[in-house]
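Open the model in your viewer and follow the stops below in order. Each stop says what to select and what is there.

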Amino acid sequence: MQANHPLPVDPDRLLAIAEKWGTPTYVYLEAMIRERCRSLKSLFPEMPVSWLYAVKANDNPHVIRIIAGEGFGFDTVSYEEVLLCLKLGTDPRNIFYTENNMTDAEMHGAASQGVILNIGSLGRLAAFCKAYPGTECSIRIKPDISDGHHAKVDTGNQDSKFGIRLDLVPEAVNIARKHGVRIRGIHAHIGSGIQEPENLLAEIEVLLKSSVNLQDIAFINFGGGIPIPYRPGESPFDLERFADLASDRLKKFLAGAKNPVSFFFEPGRWIVGPAGVLLTQANTVKDQGRKSFIGTDTGFNHLLRPALYDAYHMVVNLSGTTGREEDKTYHIAGNICESGDMLALDRTLPETRPGDYLAVLDAGAYGMTMASQYNRRALPAEVLITTEGYHKTIRSRKSPEETVDDFLRETGMAAAQPDGVS
Ligand code: LLP
């Protein structure tokens, strides 16, 4: 195993899980999730700052329960995420639903259960106000400040599909007023994996200024996007410095505010990203001339980030590699039938052999939630290492037979005859 690897947990534990549960398997650390929630909560002492967890980063119900237990509410972006949180017992008032091209049915579903709707277009705001006069909502604006680890996750720029344009906020106010709807919140989210803390501070400024025109304002939500380091040697986002700078500004704002206002942040990745690894097994090692490949039993169907965003995830060989040849450089390939299915490129690892177990790090956020059954493969299992140190299955893996049988059932072909007549 490589020296100084930043594995979040003893590699022998991961090996034991790989051997017992098989691979591919996502493993999450409860203690680390809790610790990260607590460190966020300590950032703004004695200020009206609350934290929402962006469910889309990792929506395993056990993970949601853990984070709820740390006093977080939830940022949801679909009616299904809303329902998931409700069914897990979350008070609807602790669920914030940032809609994105919401349907009428989704609007009625969420609004009728008392969930706060965060509305991102004038058309949807008008529909909401007409259907629910005299109630409350929040609006999402587009601050024209953009950031993010990749263009595909940069949401605050002028051309992004999200949010109400700043110059249209007065119109939003008019629409709401006409129906007696109180705009209680204003929100923006500039992107995921923010590169420049200054952009987040600039966004805060825009939101604070815009809120002044909203006479019923009760909360301001600054969105998520706190990054984590993925590459060796990359420095972490300086949260303390950010919180210091933001606190000064927020305190000034509160001193001049007419009504009591509270603030929200809604991170996902920062909480769960480093607390998860994807375990996979090498099954093929081959020299293709210019490159040597390690072939694994997972792929972009299970961890899409490298293929979709050229994202970097560290990979560690967990198996006992002492006494083998010196380190080699490999491409680490998935088992999906596309040449773009590469988990990692040009990685120096100890000589790796078929049967070795590998850990793909920082996979706790946007790993399983973005997984698919492409190539008709089963999803990975998920295992939680509990705070007490137990290993608990929190999602079981389907066998290939179950995977195909379920598919045939769902498509109404379970009883199909060979000639296609059922
Ligand atoms: N709030 C809203 C409205 C969001 O759209 C997002 C993420 C978050 C909060 C949480 O952002 P975070 O703190 O996790 O950066 N699949 C991509 C990330 C997409 C994030 C989309 N929105 C990835 O794997 O990098």
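How far is an oxygen atom of the ligand from an N or O atom in the side chain of K56? Select the ligand and K56 to look for the pair: the distance is 3.0 Å. Keep in mind that this is a predicted model.

Stay with the ligand and add G268. A polar backbone atom of G268 is 2.9 Å from an oxygen atom of the ligand. Next add Y309, where a polar side-chain atom lies 2.7 Å from a nitrogen atom of the ligand. Of the ligand's own accessible area, 580 Å², the protein covers 93%.

Now select the surroundings of the ligand. There are 20 residues around it, and those that come nearest are H149, S192, R305, Y309 and Y366.

Zoom out and colour the chain by domain. Domain 1 is 43-271, and domain 2 is 276-407. The contact between them takes 19 residues from domain 1 and 17 residues from domain 2. Taken over C-alpha atoms, the centres of the two domains are 33 Å apart.

For the last stop, select helix α8, residues 197-211. Its end C-alpha atoms are 21 Å apart, which agrees with the expected span because 15 residues at 1.5 Å a residue should give 21 Å.

Which residues of α8 are buried? They are P197, L200, E203, I204, V206, L207, L208, S210 and S211. In an α-helix there are 3.6 residues a turn, so residues three or four places apart point the same way. Show β6 (136-142), β8 (182-187), β9 (219-221), α9 (239-256) and β10 (262-265) as well: the buried residues of α8 pack against these elements.

Key: Residues numbered from 1 in each chain as written. Predicted model: local features only at pLDDT ≥ 70, side-chain atom pairs only at ≥ 80, totals over all residues. Heavy atoms only, no water. Helix = DSSP H or I, 4+ residues; strand = E, 2+ residues; numbered from the N terminus. Expected span 1.5 Å × (residues − 1). Buried < 20%, exposed > 50% of the residue type's maximum accessible area, 1.4 Å probe, protein only. Contact = heavy atoms within 4.5 Å. Near = heavy atom within 4 Å. Polar contact = N/O pair within 3.5 Å; in protein donor to acceptor, adjacent residues only side chain to side chain. Areas by Shrake-Rupley, 256 points an atom, 1.4 Å probe, with all protein chains shown as cover. Domains from an automatic or database assignment.
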